[in-house]
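Hi,

Here is the structure I promised to pass on to you. Have a look at it first, and then read my notes below.

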Amino acid sequence: MKRLLLLNGPNLNLLGKREPDVYGHTTLSSIVEELKIYVKKRQWELDAFQSNHEGELIDRIHQSDGKYKGIIFNPGGYTHTSVALRDAISSVDVPVIEVHLSNVYQRESFRHKSLLAPVCRGQISGLGAKGYFLAAQALMEEE
Ligand code: DQA
């Protein structure tokens, strides 16, 4: 079966209790559960991984080559800082869609710059958890 990888970066394990006015009340585990159901209905599989450690995210991106048809990636704060994650994305042949729950362009100016977006297939920002589902839909339709 065709597979997608959902990657979430630092602090996203705290979804639901972290700044709920910015990020909403939904927990990451419930998003993961619903997203698995969403792709399964379309005969796809989803693996999910969250880490607060840059190197672990890099390892998962490296391992994705040949294994996944696409990656849905919320890199959290690393979006704005990580040359190493950008290089990892550039090193594999798997399309990546960058997802942000909040609209980063309505927020502090340091969030307006993504080091990763230029090497991603696309970016979704500001649609809350729905962004993960739209990214999954786009990657499945590309196949
Ligand atoms: C975020 C936006 C980032 O700027 C922030 O550092 C996060 C979450 C989002 O989903 O809106 O951790 O990626």
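To start with overall size: what radius of gyration does the protein chain have, and what would a compact globule with 143 residues have? Keep in mind that this is a predicted model. The chain comes out at 14 Å, and a compact globule with 143 residues would be near 15 Å, so the two agree. If you prefer box dimensions, the C-alpha trace spans about 40 × 30 × 25 Å along its principal axes.

Next, the inside and the outside. Of the 143 residues, 45% count as buried. The surface that the chain exposes adds up to about 7200 Å², and carbon and sulfur atoms supply 47% of that. I also looked at contacts between residues at least 6 apart in sequence: 77% of these join residues at least 24 apart.

Now the building blocks. You should find five helices and five strands. Reading from the N terminus, the order is β-α-α-β-α-β-α-β-β-α.

The five strands make one open sheet with parallel pairing, and their order across it is E2-E1-E3-E4-E5. At the edges sit E2 (44-50) and E5 (122-125), each of which pairs on one side only. From one strand to the next, the twist averages 20°. As a quick reminder, strands of a sheet pair through backbone hydrogen bonds, either parallel or antiparallel. For a spot to zoom in on, try E4 (residues 96-100), which runs parallel to E5 and is joined to it by four bridges. Glu 98, for instance, has Gln 123 in E5 as its bridge partner.

Helix H2 (residues 28-40) packs on this sheet, where it touches E1 (2-8), E2 and E3 (70-74). The direction of H2 makes about 160° with that of E2.

One more thing to look at is a pair of helices. Two packed helices are described by the angle between their axes and the distance between the axes. How do H3 (residues 54-63) and H4 (residues 83-91) pack, then? Their angle is about 5° and their axes are 9 Å apart. Angles under 35 degrees count as roughly parallel, so that is what H3 and H4 are to each other. On the H3 side, the contact is made by Glu 54, Leu 57, Ile 58, Ile 61 and His 62. H4 contributes Ala 84, Leu 85, Ala 88 and Ile 89.

Cheers

Definitions and conventions
Residues are numbered from 1 along each chain as its sequence is written. This is a predicted model: local features need pLDDT of at least 70, side-chain atom pairs count only at pLDDT 80 or more; totals for chains, interfaces and linings use all residues. Side-chain values use heavy atoms; hydrogens and water are left out. Two strands pair if DSSP finds at least two bridges between them. Helices (H or I, at least four residues) and strands (E, at least two) are DSSP runs, numbered from the N terminus. Axes are lines fitted to C-alpha atoms, for helices over the stretch in contact, and angles run from 0 to 180 degrees between N-to-C directions. Contact means heavy atoms within 4.5 Å. The radius of gyration is taken over C-alpha atoms; the globule rule is 2.2 Å times the number of residues to the power 0.38. Buried means under 20% relative accessible area, exposed over 50%, partly exposed in between (1.4 Å probe, protein chains only). Accessible areas come from the Shrake-Rupley method with a 1.4 Å probe; for residues, only the protein chains shown count as cover. Angles under 35 degrees count as roughly parallel, over 145 as roughly antiparallel, 65 to 115 as roughly perpendicular and the rest as oblique.
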